[in-house]
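Student: I would like to check the labels used for this model against their definitions. Please give the value and the cut-off each time.

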Amino acid sequence: MSGGEAPGTAAGGPGPGDVPGAASGAGLRGAGERASGALDGRRAPAARPSGAGRGPAPRRVWCEWAWTGAEDGAPDHGVLVEISGGRITTVAAGTRAPADAETLTGLTLPGLANAHSHAFHRALRGRTHTGGGSFWTWREAMYRVADRLDPDTYLRLARAAYAEMALAGVTCVGEFHYLHHAPGGSRYADPNAMGAALVAAAADAGVRITLLDVCYLSGGLDDRGAHRPLDGPQRRFGDGDAAGWAERVARFAPAGDHALVGAAAHSVRAVPAAQLPDVAAFAADRDAPLHVHVSEQPAENTACLGAYGRTPTRVLSDAGALTPRTSLVHATHLTDDDVGAVRLSGATVCLCPTTERDLADGLPRTGDLLPAPLSLGTDQHAQLDLFEEARAVELHERLRTHRRGTLGTGALLRAATAHGHASLGWADAGALRAGARADLVNVPLDGVRLAGADPARAADAVVFAGSAADVRHVMADGRWTVRDGVHALVPDTARELDTVIKEIH
Ligand SMILES: [Zn+2]
């Protein structure tokens, strides 16, 4: 979700300081070279977290069934995957299980990408869904949590949230990060302390991260075209102007080969049109991903039309921000012209259905947007289940159009895997093919939800009836992060979530 106008609550006091624990950022071992196409920066050598509990990289994994990209979602039988240096070296279907290979029963998929996350929203789960209200009243609860976080609590909350993602089969997260500064807006000694905490959290959880550093300058846009100043908890989001934002981000050098830095503009409400070209140019200069919330709520369109006489999508297009590196998050309320512009641009549309329905955003024009690439995000983490997000894209489109079958299993899985990874700057991940990063998600068919499924249609069963709880083993960059449903690095993920969330509240 995109937040927005000033809630008028009191700002917290200043709290400058360093990031306890942020230096723990350890990369995924065996991560190999980074994908091209993202911001560069200094990176410390990856170090193994103490007590990591990961076994040696397997050489050969034999998958009873594996989805290797078929459009109809049909998996191949007997797929032998050979791995070296964190990369898949060969994929061969129709094989018998070699004696020296580890066998994965049921269905194996490429690693899942969670393309839109606000890690700190995990602290709101179960606390904001009833009692009426609107997107805007929900946002006030979100701001109260935002006001209480410092680099230490942010690190612990994000580590637990990312560990929950890994348990759900996520091997890469796109973190839409705007909690840059201390409450009240004063700078930490390291002005990127909060971003560094997220990068460290992802390393601790064995998940790759694209830190989408968000330019957030204004507290809202009224329909006369006036941008309000940041107020209350929003003050810690801001860098003054796009040049100040760019200067800070350019200095950020995340530790670990598991991390990339991308760019983001929060929305046309939070970044005035005159500032957007600078954000777009910053991303273009570095060939980096550029993400932006777009038209999640009708009120954004009304304000934008009042201010500029143009839709948010058109404002972004005119600013040079609608490119094949762009991800438009939500894109719920689009005009016909907007849809045409998105399709022409090559931009990815990132859908977050469980959040969009929780916040009563509306239904996107998914079928109209095709063949635009789609990606998936869990956004506020009301649920953390990429299978639920994937099927909801198709099922919501059925509700909107009264037709079944706009998106089949293959298209939904591509959104959850290759398209999601590519939108985050990891074009070499999200597919079971030679040369790709060795990310595997194993989903056996022996649980109560999937028992009785036709193995030859296992991907249909997993996408339309499975859940994150069915994920048994997860490998990222050639290393097991989840074994038998337990996180190898954060074994008591639930306890860590419980402790830090109750501390924040
Ligand atoms: Zn969002």
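Student: In which kind of crossing does α2 pass α3, left-handed or right-handed?

Tutor: The crossing of α2 with α3 is right-handed. The label applies because the near helix is turned clockwise from the far one by less than a right angle (anticlockwise would be left-handed). Before going on: this is a predicted model, in which local features need pLDDT of at least 70 and side-chain atom pairs count only at pLDDT 80 or more, while totals for chains, interfaces and linings use all residues. Residues are numbered from 1 along each chain as its sequence is written.

Student: At what angle do helix α2 and helix α3 pack, and how far apart are their axes?

Tutor: Helix α2 covers residues 151–167 and helix α3 residues 193–205; they pack at about 35°, with the axes 8 Å apart. An axis is a line fitted to C-alpha atoms over the stretch in contact, and the angle, from 0 to 180 degrees, is taken between N-to-C directions. Helices are DSSP runs of H or I with at least four residues, strands are runs of E with at least two, and both are numbered from the N terminus.

Student: Which residues make the contact, and what is its make-up by class?

Tutor: From α2 they include Tyr 154, Leu 155, Ala 158 and Arg 159, and from α3 they include Met 194, Ala 197, Leu 198 and Asp 204. A contact requires C-beta atoms, placed from the backbone, within 7 Å. By class there are 15 nonpolar, no polar and 2 charged residues. The classes are nonpolar (Ala, Val, Leu, Ile, Met, Phe, Trp, Tyr, Cys and Pro), charged (Asp, Glu, Lys and Arg) and polar (the others, Gly among them).

Student: Why are α4 and α5 called roughly parallel to each other?

Tutor: The axes of helix α4 (242–250) and helix α5 (276–285) cross at roughly 25° and come within 9 Å. Angles under 35 degrees count as roughly parallel, over 145 as roughly antiparallel, 65 to 115 as roughly perpendicular and the rest as oblique. The pair is therefore roughly parallel, and its crossing is right-handed. Ala 242, Ala 243 and Ala 246 of α4 meet Asp 278, Val 279 and Phe 282 of α5. These residues divide into 5 nonpolar, no polar and 1 charged.

Student: What makes Asp 241 partly exposed?

Tutor: Asp 241 has 16 other C-beta atoms within 10 Å. A residue is buried at 20 or more, exposed at 12 or fewer, and partly exposed in between; 16 falls in between, so the label is partly exposed. Asp 241 is found in the loop between β9 (227–228) and α4. Beyond four places in sequence, the contacts of Asp 241 are Leu 217 and Gln 275.

Student: How do you know that β16 and β17 pair, and in which sense do they run?

Tutor: Pairing needs at least two bridges found by DSSP. β16 and β17 are joined by 3 bridges, so the condition is met, and they run antiparallel. Val 474 stands opposite Val 482 in β17. The two strands form a hairpin with 2 residues between them.

Student: How many bridges pair β17 with β18?

Tutor: There are 2, again in the antiparallel sense; by the cut-off, this is enough for a pair. His 487 in β18 is the bridge partner of Val 482. β17 and β18 also form a hairpin with 2 residues between them.

Student: Asp 477 and Asp 484 sit in those two turns. Why is one of them, Asp 477, called buried, and what is Asp 484 called?

Tutor: Asp 477 has 27 other C-beta atoms within 10 Å, so it is buried. Asp 484 has 8, and is therefore exposed. Phi of Asp 477 is near 50°, a positive value in a residue other than glycine, and phi of Asp 484 is also near 50°. As for β17 itself, 4 of its 5 residues are buried.

Student: Why is Leu 497 called buried?

Tutor: Leu 497 counts 21 other C-beta atoms within 10 Å, so it meets the limit for buried. Leu 497 is found in helix α15 (493–504). Leaving aside residues up to four places away in sequence, Leu 497 touches Ala 160 and Glu 164. The C-alpha atoms of Leu 497 and Arg 122 are 8.8 Å apart, with their positions 375 residues apart in sequence.

Student: What kind of peptide bond joins Leu 370 and Pro 371?

Tutor: A cis peptide bond, with omega about 15°. Pro 371 lies in the loop between α10 (366–369) and β14 (374–376).

Note on methods:
Contact = placed C-beta atoms within 7 Å.
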